[in-house]
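Please have the sequence and the model open while I talk. I will go through a few parts of it in turn.

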Amino acid sequence: MMERKIEDSPLLVAQAGPLNGQRWPLRSKLIIGREASCDIVIADRQVSRHHATISLTHEGIIIEDLDSKNGTHRNGKLLEEAVVLEDGDVLQIALAQQFVYLSSDATLPLDAEGLVYPPPKTTMLHLEKRSRRVWIGDSEVTPPLSVAQYALLNMLYEHQGRVVSRADLIRTIWGEEQAVTVSEQALDALVRRLRDRLAEINSDHQFIVTVRGHGLRLDNPSIEE
C-alpha cells in the first residue's frame with residue numbers, strides 16, 4: 001500500500017468517539033462544541049454548545065475550556081486555565097470525544113480512512129507513543145485505553161521483562177502528590193481492567209504478570225522475522 005504523509009503542520013486527530021479518525025491541521029483558531037457553527041462539531045449532549053478552543057499563539061498551540069458544563073481534560077487532568085499543548089497530549093471533551101495533538105514535525109503514515117497504520121513491530125504487543133495507540137499483532141486496541149490504563153501499560157512496556165514495583169507504578173500513574181492516597185485495591189482494579197482490554201484482542205496470552213511480593217512485569221514475546 002502507498003503511504004500518504006500528513007501535512008507538515010500541527011495536527012489534531014480524533015481517537016475515540018463519533019469523530020474517530022478525522023483530523024484537523026491547526027492553522028488558525030478552532031472552536032470545539034455541539035453548536036453547528038463550531039469548527040469541530042461533536043453532536044453529543046454532554047458537549048457544551050461552545051466547549052473549548054484551540055489557538056495558535058506566540059507561545060505555541062493553546063487549548064482553553066470555555067466554561068463547559070462537563071469539562072475538558074488534558075492527559076487526564078481537568079483544565080482550569082489555558083495551557084500550551086505538547087506533542088502527544090491526549091485531550092478529552094466531556095466523555096464524548098478524545099483527541100491527540102501532534103506537533104509540526106509529526107509525519108505519521110495514514111491509510112485511506114485517515115487512520116495510522118500499525119507501526120513496524122518486533123514484539124507481540126506494540127505501542128505507538130506519539131499517538132498513544134496500542135496494537136497486539138496487527139489488531140489495534142480500540143477504543144483507545146484510558147489515560148491511566150495507557151500510563152500503566154507504558155511503564156511496563158518501557159521496562160519489558162523487568163519487574164516494576166507497585167509503588168513506582170502508583171507514582172507514575174497518579175503522580176507524586178496523589179500517590180499517598182491511592183490504595184493497593186485501586187491499582188489492582190486498574191490492572192484487571194487493562195488485562196480485560198488486552199484480552200479482547202488476544203485472550204490466549206497473559207501480558208501482565210503479577211510477581212507476588214515484588215510488583216508487575218510485561219511478558220511481551222518477540223515476533224520472529
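In this predicted model, helix α1, residues 147-158, packs against helix α2, residues 166-179. Their axes are 9 Å apart, and the angle between them is about 135°. Because of that angle, α1 counts as oblique to α2. The cut-off that matters here is 145 degrees, over which a pair would count as roughly antiparallel. The crossing of α1 and α2 is right-handed.

Which residues make the contact? From α1 they are Ala148, Ala151, Leu152, Met155 and Leu156. From α2 they are Asp168, Leu169, Thr172 and Ile173. Sorted by type, the residues of this contact are 7 nonpolar, 1 polar and 1 charged.

Helix α1 has other neighbours too. It lies across the strands β17, β18 and β19, and runs at about 75° to β19.

Those 3 strands form an open sheet, and the order across it is β17-β19-β18. The pairing is antiparallel. Which strands stand at the edges? They are β17, residues 164-165, and β18, residues 208-211. Each has a single partner strand, so one side of each has no neighbour in the sheet. Between β17 and β19, residues 215-218, there are 2 bridges. In that pairing, Ser165 stands opposite Gly215 of β19.

As a reminder, strands of a sheet pair through backbone hydrogen bonds, and the pairing can be parallel or antiparallel.

Next, strands β14, β15 and β16. Strand β14 covers residues 125-128, and it pairs with β15 in the antiparallel sense over 4 bridges. Two of the facing pairs can be named. Glu128 is opposite Arg133 of β15, and His126 is opposite Trp135 of β15.

On its other pairing, β15 meets β16, residues 139-140, again in the antiparallel sense, over 2 bridges. Here Ile136 stands opposite Ser139 of β16. The hairpin of β15 and β16 has 2 residues between the strands, and in it Gly137 takes a positive phi near 65°.

Now the side chains. In a regular strand they alternate between the two faces of the sheet. In β14, Leu125 and Leu127 point one way, while His126 and Glu128 point the other way. Are these four residues buried or exposed? All are buried. For β15, residues 133-136, the two sides are Arg133 and Trp135 on one and Val134 and Ile136 on the other. All of these are buried as well, and both faces of β15 are covered.

Two single residues remain. The one in a loop is Gly21, which sits between β2, 11-16, and β3, 23-25. Why does Gly21 count as buried? Because its relative accessibility is 5%, and the limit for buried is under 20%. Gly21 also shows how a chain can bring together parts that are separated in sequence: Gly21 and Phe99 are 78 residues apart in sequence, but their C-alpha atoms are 9.4 Å apart in space.

The one in a strand is Ser55, in β6, residues 52-57. With a relative accessibility of 16%, Ser55 also counts as buried. What does Ser55 touch, leaving aside residues up to four places away in sequence? The list is Lys29, Gly60, Ile61 and Ile62.

To go back to the start, the contact to look at in the model is the one between α1 and α2, with axes 9 Å apart. Then follow α1 to where it lies across β17, β18 and β19.

How values were computed:
Residues are numbered from 1 along each chain as its sequence is written. This is a predicted model: local features need pLDDT of at least 70, side-chain atom pairs count only at pLDDT 80 or more; totals for chains, interfaces and linings use all residues. Side-chain values use heavy atoms; hydrogens and water are left out. Buried means under 20% relative accessible area, exposed over 50%, partly exposed in between (1.4 Å probe, protein chains only). Two strands pair if DSSP finds at least two bridges between them. Axes are lines fitted to C-alpha atoms, for helices over the stretch in contact, and angles run from 0 to 180 degrees between N-to-C directions. Angles under 35 degrees count as roughly parallel, over 145 as roughly antiparallel, 65 to 115 as roughly perpendicular and the rest as oblique. A crossing is left-handed if the near helix is turned anticlockwise from the far one by less than a right angle, and right-handed if clockwise. Contact means heavy atoms within 4.5 Å. Ala, Val, Leu, Ile, Met, Phe, Trp, Tyr, Cys and Pro count as nonpolar, Asp, Glu, Lys and Arg as charged, and the others, Gly among them, as polar.
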